[in-house]
Amino acid sequence: MEKIALITDSASDINIEILEENNIKLLPFKLIFSDKEYEDRIDINPELLYKRLKNEIPKTSLPSIDRMHKVLQDAIDEGFTHAIIITISSAFSGTYNAARLVCEEFPQIETFVFDSKTLTMAEGAMVLESAKLIKQGKTFNEIVDILPKYRDKIDLFFTLDTLEYLQKGGRIGKVAGTVGDLLNLKPIITVADDGTYRTACKARGAKQSVSKMINIMKDYLEHNKCRAWIIDGESPEKVNSLYNGIKDLPNMVECTIAGTIGPALGVNTGPGLVGLAIEKLD
């Protein structure tokens with residue numbers, strides 16, 4: 001009989017309590033400051049990150065190979081016969097490729113490594129859907145078949161106070177508007193089908209950026225019932241404004257403030273982010 005382990009990296013931004021409730025195993029990214037190295041969500045939280053960011057932008061590193069080995073070995077020792085590993089977009093991190101290589105060392109468990117081609121709660125939604133499917137008794141092969149189709153239903157948008165951290169982290173990709181700070185232009189950033197950042201639109205100022213995201217949500221709801229997750233990057237006013245602007249819209253099935261963006265992603269966004277992950281429902 002199949003017993004399926006579910007594994008994700010910390011870029012999925014699922015809090016520890018929900019991970020434990022759903023028996024999801026975590027591969028934490030590493031944050032490397034000049035004086036100390038932390039494991040994402042294990043021994044550094046968002047509050048500590050933003051405090052330390054004022055003095056130093058740390059380097060980040062994918063989950064350690066030793067940690068990947070341990071998680072898979074633990075799964076085997078616990079009697080799991082199969083494992084599904086869902087990772088951040090391979091365009092942003094080497095985690096997907098590293099996990100695939102590590103899995104080759106464990107022929108005693110059947111594995112599937114899935115590139116979410118996104119991040120934060122858009123990735124997290126795929127993990128939570130997989131957890132639900134496992135609880136429903138879906139087989140390993142059924143879930144492997146469902147995941148790419150489910151990924152097509154998920155979109156992500158976010159806006160930032162500044163592009164400084166994306167630029168310093170080399171994550172800006174094809175996001176336009178590097179002179180936007182001079183004009184107070186705030187790009188609404190999305191993740192394209194190839195798993196890289198794109199500019200969806202631009203807004204002038206923080207209030208208009210939230211209004212643009214509300215309009216994006218309205219456009220989705222004109223064509224589909226939807227579920228939405230709002231992501232907070234130390235920007236409570238914008239988060240509450242977005243939540244109040246969309247939670248009662250027609251066709252909104254569920255709207256949740258999903259929590260705070262994790263430290264590993266917060267390094268590349270800085271404070272002032274508000275994000276919106278959208279699932280189109282059938």
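**View 1. Salt bridge between Lys 238 and Asp 161 in the predicted model.** The side chains of Lys 238 and Asp 161 form a salt bridge, with 2.7 Å between the closest N and O atoms. Lys 238 belongs to helix H10 (residues 236-246), whereas Asp 161 is part of the loop between E8 and helix H7 (164-168), so this contact ties together parts that lie 77 residues apart in sequence. The two partners can be described by their accessibility: Lys 238 counts as buried at 10% relative accessibility, and Asp 161 is partly exposed, with a relative accessible area of 34%. The structure holds 14 salt bridges.

**View 2. Enclosure of strand E9.** Strand E9 spans residues 185-191, and 7 of its 7 residues are buried, so the strand is largely enclosed by the rest of the structure. Both of its faces are covered. One side carries Leu 185, Pro 187, Ile 189 and Val 191, and the other carries Lys 186, Ile 188 and Thr 190; all of these residues are buried.

**View 3. Pairing of E9 with strands E8 and E10.** Strand E8 (residues 154-159) pairs with E9 in the antiparallel sense over 3 bridges. Within this pairing, Phe 157 has Thr 190 of E9 as its bridge partner. Strand E10 (residues 197-204) also runs antiparallel to E9, and the two are joined by 7 bridges. Here Pro 187 is matched with Lys 202 of E10 as its bridge partner.

**View 4. The E9-E10 hairpin and the salt bridge of Arg 198 with Asp 194.** E9 and E10 form a hairpin with 5 residues between them. Gly 195 in the turn has a positive phi of about 85 degrees. The side chains of Arg 198 and Asp 194 meet in a salt bridge, at an N to O distance of 3.3 Å. Arg 198 is partly exposed, with a relative accessible area of 24%, and Asp 194 likewise counts as partly exposed, at 43% relative accessibility.

**View 5. Salt-bridge network of Arg 227, Glu 254 and Glu 279.** Arg 227 forms a salt bridge with Glu 254, in which the closest N and O atoms are 3.0 Å apart. This pair links distant parts of the chain, as Arg 227 lies in strand E11 (residues 225-233) and Glu 254 in strand E12 (residues 252-260), 27 residues apart. Glu 254 is partly exposed, with a relative accessible area of 37%. Through salt bridges that share partners, Arg 227, Glu 254 and Glu 279 are joined into one network.

Technical notes
Residues are numbered from 1 along each chain as its sequence is written. This is a predicted model: local features need pLDDT of at least 70, side-chain atom pairs count only at pLDDT 80 or more; totals for chains, interfaces and linings use all residues. Side-chain values use heavy atoms; hydrogens and water are left out. Buried means under 20% relative accessible area, exposed over 50%, partly exposed in between (1.4 Å probe, protein chains only). Helices (H or I, at least four residues) and strands (E, at least two) are DSSP runs, numbered from the N terminus. Two strands pair if DSSP finds at least two bridges between them. A salt bridge is a side-chain nitrogen of Lys or Arg within 4 Å of a carboxyl oxygen of Asp or Glu.
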